[in-house]
Amino acid sequence: MNTDTTSGVTTEPTILDAVELYSDPELKARFAESAHRILADLVGGGAALGWLEPPSRGEVAELLGHLVSAVRSGDAALRAAYLDRRLVGLGYWLRYTRPTHRPHADLEKLAVDATAHGHGIGRALTTALISDAREAGIEVLTLDARGDNNNALHLYRSLGFTEYGRLPEFVAVGERRYDKVFYMLDLRRQG
């Protein structure tokens, strides 16, 4: 992994794709545990990642196994962000399975370690995933986010995503309700 450093401290994240990640035995061996730590910590802190309770190690390992299989078949992209060989974020998209929706994919999760928020990790991961979608011939990249996730919504808009729908008070977290906001990036209209 080559990164820019200042005084021995990495200043830019290294963004790896699944092939690069899994070709490094040391990173591959630690990836599932590091991804679990990030996802469980974020969900435990109330992050909007689709779980009500922090996911188990087994759930994360199963998710990653599914993703790697989908990447190998051309139906997904997985990206991991590292600072000084420490996983600080991950994200992925999956191609839709319905035959009439196959030209499109959904950005399903983007997670950045709370200690690395505000350092451009989410932007770097999302930018890489958009590039992967273009290379895979994806026509429209979609995502949904919880309506109170203002930082994520701002990031997506700044990268060209547009809102195409909203379900008011659709997401239930205990007694609280949040809007579910739908965004899309039409890659057919971009050069």
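At 49% relative accessibility, Asp84 counts as partly exposed, a class that lies between buried (under 20% relative accessible area) and exposed (over 50%), with a 1.4 Å probe and protein chains only. Asp84 sits in the loop between strand S4 (76-83) and strand S5 (86-95), where helices (H or I, at least four residues) and strands (E, at least two) are DSSP runs numbered from the N terminus. Its phi is positive, about 50°, although Asp84 is not a glycine. Arg85 is also found in the loop between S4 and S5, and its phi, near 65°, is again a positive value in a residue other than glycine. Most residues other than glycine have a negative phi. Arg85 has 29% relative accessibility and therefore counts as partly exposed.

A word on the basis of these values is in order. The model is predicted, so local features need pLDDT of at least 70 and side-chain atom pairs count only at pLDDT 80 or more, while totals for chains, interfaces and linings use all residues. Residues are numbered from 1 along each chain as its sequence is written, and side-chain values use heavy atoms, with hydrogens and water left out.

Turning to the overall fold, the protein has 5 helices and 9 strands, and from the N terminus on its elements run β-β-β-α-α-α-β-β-β-α-β-α-β-β. The radius of gyration is 16 Å, close to the 16 Å that the globule rule gives for 191 residues, so the protein is as compact as a globular protein of that length; the radius is taken over C-alpha atoms, and the rule is 2.2 Å times the number of residues to the power 0.38. Along the principal axes, the C-alpha atoms fill a box of roughly 45 × 40 × 35 Å. Of the 191 residues, 45% are buried. Among contacts (heavy atoms within 4.5 Å) with a separation of 6 or more, 58% join residues 24 or more positions apart. The accessible surface comes to about 10200 Å², with 49% of it belonging to carbon and sulfur atoms, as obtained by the Shrake-Rupley method with a 1.4 Å probe.

Helix H4 (residues 121-135) offers a neat check on geometry. Its 15 residues, at 1.5 Å a residue, should span 21 Å, and the end C-alpha atoms are indeed 21 Å apart, which agrees; the expected span is 1.5 Å times one less than the number of residues. The buried residues of H4 are Ile121, Gly122, Leu125, Thr126, Ala128, Leu129, Ile130, Asp132 and Ala133. After H4 comes Gly137, with a positive phi near 80°.

One of these buried residues, Thr126, is touched by Tyr156, whose other contacts are Leu107, Leu110, Leu143, Phe161 and Tyr183, not counting residues up to four places away in sequence. Tyr156 lies in helix H5 (residues 150-158) and, at 8% relative accessibility, counts as buried. Tyr156 and Leu143 are 13 residues apart in sequence, with their C-alpha atoms 9.2 Å apart in space.

Lys28 belongs to helix H2 (residues 25-44). With 45% relative accessibility, Lys28 counts as partly exposed. Leaving aside neighbours within four places in sequence, Lys28 is in contact with Leu21 and Tyr22. From C-alpha to C-alpha, Lys28 and Ala18 are 9.5 Å apart, at 10 residues apart in sequence.
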